[in-house]
Amino acid sequence: MLRVLLLMVLSVFILGCGQESSVSTQPAPAGSDDFQKSLLQKLISAKPGDVIELPEGRFDMTRGLSLNVDGVTLRGAGMDKTVLSFKNQIQGAEGLLVNASDFTLQDLAIEDTKGDAIKINQGENLIVQRVRTEWTDGPKTSNGAYGIYPVQMNNVLIEDSVAIAASDAGIYVGQSTNIVVRRNRAEYNVAGIEIENSIGADVYENIATNNTGGILVFNMPNLPQPGHSTRVYNNEVNGNNTENFGAEGTPVASVPAGSGIVINSNDKVEIFNNRIKDNDTANILVTSYFTAGFFSDKASADDFDPYPESIFIYDNEMSGAGGTPGDVRLKALRIAEYGLTGNLPDILWDGVVNPQRLVNGKLPDDLRLCIQQENAGFINLDAANDFDSVSKDITPHQCELAKLPAITMTLGS
């Protein structure tokens, strides 16, 4: 009997020594300090090339996670199988903060963080695949600002992921270059997907629904670089009518509920082959910084261009816009121009242009807003003159711009 027991103990010891190193080979009990401590230690001691595997399970986290080593992969068992819940977070401004390059994040969910869910800062070659960020109590101003939040990155791929109920943007890429955002779902955020002050982005095959604004392409002042050259195509942008719950004073808090795709102060933007419908303010809005509702003297900085230029809108399917605008001025305009039962049209442009670039009273051809849309409604708000000379004439915009090249992305599959 004693010999049998010794053999059993020896077998367990041998098997244990032969196991591959990982955060946890079995799901730790929910709320287990052991899982959190083990994961924190793995991230602190990580080396380039490490793959940190997280098991299936739901794990309560009280402290934010951070990683500062290049070349690491953090991988769970699935966005609905490996869930890190930060509902009881007492330390850290984010759920996961990464300051590194060549980082890959896959197959997990991060819920109910105190601040941003996932922030990846100042690096290159980022891959985010099959990741979910969510605030599970639904839209609230007290939710964290950003779900998936890369900033100052080069080569960014975000795909097959989900972002829900961020109080600023569900998926936000800021001050970055060479970006692909594809096949994601953004829902019940203030901004579903936002590209801000970034150069070279392809945003396609995403679903943006039930946000305040579906897809935003913005430039803001006092940031390291201005953005340009974004293509938004083959997306579903439907029913983005959630009341704006952004924190007062933030730029996104001025986005009117019912905004499908919004271009603000950005240049060289193409919007094509999207299905955009039932957005109660407008399906597409093109605005300058001056009329976006968050103007300040910061916009007068010499290195900031507040005017959207070289905008090309074509071949989208659009319907059902403008029935209940989320802006007081636009509500009044709807009644004045279209009657009590009328709708604002699919495309709204504030009509504000840079007077210094006019040639014989017109913008040069390569800086124009060009629209090639059959049966699309359009209105020029003449916002610079307080809507004094509103125009519904689309003829000046029936032009064509040179198309932008596709983004070349070697990351991912």
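In this report, a residue is called buried when its relative accessible area is under 20%, exposed when that area is over 50%, and partly exposed in between. With that in hand, welcome to the structure, which is a predicted model.

**Two tyrosines to start with**

By that rule, Tyr-149 and Tyr-172 are both buried. A search for ring pairs gives 10 aromatic pairs in the structure, and these two tyrosines form one of them, an edge-to-face pair with 5.1 Å from centre to centre and 75° between the planes. Tyr-149 belongs to strand E9 (residues 146-159) and Tyr-172 to strand E11 (residues 169-174), so their pairing ties together parts that are 23 residues apart in sequence.

Another pair is made by Phe-312 and Tyr-314, whose rings are tilted, at 4.4 Å centre to centre and 40° between the planes. Phe-312 has a relative accessible area of 1% and is buried. Tyr-314 is buried too, at 5%. You can follow the rings further from here: ring pairs join Phe-312 and Tyr-314 with Tyr-204, Tyr-233 and Phe-272 in a cluster.

**Salt bridges**

Across the whole structure, 19 salt bridges are found. The table shows three of them, with the distance between the closest N and O atoms.

| Acidic residue | Basic residue | Closest N and O atoms |
|---|---|---|
| Glu-53 | Arg-75 | 2.9 Å |
| Glu-111 | Arg-58 | 2.7 Å |
| Glu-309 | Arg-357 | 2.6 Å |

Let us take them in turn. Arg-75 forms its salt bridge with Glu-53. Arg-75 sits in strand E4 (residues 73-75) and Glu-53 in strand E1 (residues 51-53), so the pair ties together parts that are 22 residues apart in sequence. Arg-75 is partly exposed at 27% relative accessibility, and Glu-53 is partly exposed as well, at 32%.

Next come Glu-111 and Arg-58, which form a salt bridge. Glu-111 is in strand E7 (residues 103-111) while Arg-58 is in strand E2 (residues 57-60), and the pair therefore ties together parts that are 53 residues apart in sequence. Glu-111 is buried, with 5% relative accessibility, whereas Arg-58 is partly exposed at 40%. This bridge is also part of something wider: Arg-58, Asp-80, Glu-111, Arg-132 and Glu-134 are linked in a network of salt bridges.

The last of the three joins Glu-309 and Arg-357. Here a strand meets a loop: Glu-309 lies in strand E24 (residues 309-314), and Arg-357 lies in the loop between strand E26 (347-349) and strand E27 (369-372), so the pair ties together parts that are 48 residues apart in sequence. Glu-309 is buried at 3% relative accessibility, while Arg-357 is partly exposed at 35%.

**A glutamine pair**

Strand E8 (residues 116-134) contains Gln-129. With a relative accessible area of 6%, Gln-129 is buried. Its side chain makes a polar contact of 2.6 Å with the side chain of Gln-106.

**The largest pocket**

Finally, have a look at the largest pocket, which has a volume of about 460 Å³. Its lining is made up of 16 residues, and those nearest its centre are Trp-349, Lys-362, Leu-363, Pro-396 and His-397. Sorted by class, the lining has 7 nonpolar, 5 polar and 4 charged residues.

Note on methods
Residues numbered from 1 in each chain as written. Predicted model: local features only at pLDDT ≥ 70, side-chain atom pairs only at ≥ 80, totals over all residues. Heavy atoms only, no water. 1 Å grid on protein atoms, 1.4 Å probe; cavity = no way out; pocket = protein on both sides within 12 Å on 5 of 7 lines; lining within 4 Å. Points joined across faces, edges and corners; volume = space filled by probe spheres on them. Nonpolar A, V, L, I, M, F, W, Y, C, P; charged D, E, K, R; others polar. Salt bridge = Lys/Arg side-chain N within 4 Å of Asp/Glu carboxyl O. Helix = DSSP H or I, 4+ residues; strand = E, 2+ residues; numbered from the N terminus. Buried < 20%, exposed > 50% of the residue type's maximum accessible area, 1.4 Å probe, protein only. Polar contact = N/O pair within 3.5 Å; in protein donor to acceptor, adjacent residues only side chain to side chain. Phe/Tyr/Trp six-rings, centres within 6.5 Å; stacked < 30°, edge-to-face > 60°.
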